[in-house]
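Dear colleague,

I am passing on the structure we spoke about, followed by notes on what turned up when I went through it. Please read them with the coordinates open beside you.

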Amino acid sequence: MQTERDEMRIMVDHAPLGIALLDKNRRVLRCNPTFREIYGWNEEDIVGRTPPLPESQRESWAGLIEHLQSGKSFVNIETLRARKDGSRFYARISGSPIFSHSAVLIGLVGFIARTDDGRHSDLLELKNLESLVQSSSEFMCVAQLDGRTFFLNDAGKDMIGLSDEAEINDMPLERFFDYEDQDRIKEILRLLPLQRIGLSSQTIHLKQFQTGGRIAVSCSFHVISDPLTQEPSSLACVAKSSGPDDAWGQEDRCDEEVFRAFFHNAPIAIVLVDTAGGPFESNALFQEMLGYEVEELRQMRFGQLVHPEDSPAGRKLFLSLMEGKIGRYQVNKRLVSRNGEVLFTKMTVALMRDREGKPSYAISMVERVAQGSMR
C-alpha cells in the first residue's frame, strides 16, 4: 500500500469540497481547486492571503480559534463567508487543529462547502501550475509530455547547482536525478499521462551538479491538463528536501497530520476499497451513513451495499478502474443501509497505484444527494 501522503494528495485533489491548510490567522498556506473556486480567488492571489471575513462573523471565528486551541475539532458549522469580490454566501465549515511539537496551535486543516445552492465543484484535477506551486518548497520543474524540461524554478536551480538556461531547456527530466534512480523516474513519467493522477516517490535523490553529490528528497509527479480540452499538456515534478521545516516541523509530520485530519474529520464520507471490492478502511461518516461498524464493513464486499439495480453498471466502472483503463470516475449510485433505507449518493472514485504503477486500491468519496438529482 502506498503512504498516507499519497492517499492524502489523491483525496484532496479530487475532493468535491474546499480544503485548505491555514495558519491560526486564517492565512492560506495550501488549498485545493474547489477551495479557490468557492472563494473566487485566482492562482496568484490565494496562497499567503487571508480570505475576507464578514464583520458579523469575526467574533464567532475568535470563538472557533479558542475551540481549536483546546484541541477540539469543529464540524459543519453553518456560517456566512465572503468571496474575493465581496459577495457573500452561506457555507458549512469544519476544522481540525494542528499543533507544534511544543503543543502550540500553529494552524488548522479547514473544510468548506457552499449551502446556498447545494452544489459542489466538479473541477477534480490539476488544470494549471498553481496547485503545484503551493505544494512545492525547493524544487519544481515542468516538462513536455516526452519528458523534456522547459522550466525549472530558481530555488530548484540553486538546489542542484545548475543555472544555465540553455542546458536546462530540453534536458530529459530524469537527468536531474541520481543515475540509480533514472529508470524509476522514466517509468513514472511514462505512466503519468495514462492515468492522469499524481504519483509520489519518497526515497529518491537529486543530483548536485557542482559537487557531484546527492540530495535526498521526497518527490511528487503530476499531469498538467489543458484547461480547454482537458487533455494532458505537460508534466511537473515537485521535490522537497528530507530535512525539517522551521515553521511547521518535519514536512512528513505535517502531511501526515493533514491526511489524518482529512480522513477522519472531513464532512464527507470516505471509504477505501481493495482490488477485490472489499471496503478495508472507512471514516466515521461513511460508517454512520450505512449503519455498519468498520470491522463489519471489512468482512463485506462493497457490492453488498449497492442497490441491485445499480450494481451491474457500478461493477463495470470499478473493473475498468482496477484494470487501469481509467484513473477515476464520478457516478450517481443508490446504496442500501443496514436498516434497508435506500440512500441516493454521488460517488467520486479515484485509483491508487503501487510503486510499480499497478492498480492497488480505490478511494471513494460519497455524498448524499436528493432523489431528484439522480440521473
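At 48% relative accessibility, D170 counts as partly exposed, and this residue makes a convenient place to start. Please keep in mind throughout that the model is a predicted one. D170 sits in the loop between α6 and α7, where its phi is near 75°, a positive value in a residue other than glycine. A second residue with an unusual sign of phi is R26, which is not a glycine and yet has a positive phi of about 75°. R26 belongs to the loop between β1 (18-23) and β2 (28-31), and with a relative accessible area of 6% it counts as buried, because the limit for that term is under 20%.

The loop that holds D170 also holds D181, since D181 lies between α6 (165-168) and α7. What is the charge situation of D181? It is buried yet has no salt bridge, the nearest side chain of opposite charge being that of R184, 4.5 Å away; the cut-off for a salt bridge is 4 Å, so this pair does not qualify. Leaving aside residues up to four places away in sequence, D181 touches I204 and H205.

Turning to the nonpolar interior, the largest core has 26 residues, of which F139, L173, F176, F177, L206 and F221 touch the most other members. At least two residues of this core come from each of β6 (139-143), α5 (154-160), α7 (182-195), β8 (199-207), β9 (214-225) and β10 (232-241), and β9 gives the most, with five residues. The surroundings of F176 can be spelled out: not counting residues up to four places away in sequence, F176 touches F139, C141, T149, L152, I160, L162, I168, M171, L206, K207 and F209. Apart from this core lies another, of 24 residues, which includes M289, F302, V306 and M347. As general background, nonpolar side chains tend to be buried together in soluble globular proteins.

The charged pairs come next, and the count comes to 16 salt bridges. Within helix α10 (residues 294-298), E295 and R298 lie three residues apart, about one turn of the helix, and their side chains meet in a salt bridge at 2.5 Å, N to O. E295 is partly exposed at 45% relative accessibility, and R298 is likewise partly exposed, at 32%. D310 and R334 form another salt bridge, with the closest N and O atoms 2.9 Å apart. Because D310 lies in the loop between α10 and α11 (311-322) while R334 lies in strand β13 (residues 328-336), the pair ties together parts that are 24 residues apart in sequence. Both D310 and R334 are buried.

A further salt bridge joins K346 to E367, the closest N and O atoms being 3.9 Å apart. Here, too, distant parts of the chain are linked, with K346 in strand β14 (residues 342-353) and E367 in strand β15 (residues 359-368), 21 residues apart. K346 and E367 are both buried. Finally, salt bridges that share partners join D146, R148 and D170 into one network, which brings back the residue in the loop between α6 and α7 with which these notes began.

Several of the strands just named belong to one sheet. In what order do the five strands of this open sheet run? The order is β12-β11-β15-β14-β13, with antiparallel pairing. The edge strands, each pairing on one side only, are β12 (279-282) and β13, and neighbouring strands are turned by 30° against each other on average, direction ignored. Strand β11 (residues 269-274) pairs with β15 in the antiparallel sense over six bridges, and D274 stands opposite Y361 in β15. Helix α11 packs on the sheet, touching β11, β13, β14 and β15, and its direction makes about 145° with that of β13.

If you follow up on one place, which residue is buried yet has no salt bridge, with R184 as the nearest side chain of opposite charge? That residue is D181, and I would be glad to hear how you read its surroundings.

With best regards

How values were computed. Residues numbered from 1 in each chain as written. Predicted model: local features only at pLDDT ≥ 70, side-chain atom pairs only at ≥ 80, totals over all residues. Heavy atoms only, no water. Core = buried A, V, L, I, M, F, W, Y, C linked by side-chain atoms within 4.5 Å. Buried < 20%, exposed > 50% of the residue type's maximum accessible area, 1.4 Å probe, protein only. Helix = DSSP H or I, 4+ residues; strand = E, 2+ residues; numbered from the N terminus. Contact = heavy atoms within 4.5 Å. Lys, Arg positive; Asp, Glu negative; His and termini not counted. Pairing = 2+ DSSP bridges. Axes fitted to C-alpha atoms, helices over the stretch in contact; angles between N-to-C directions.
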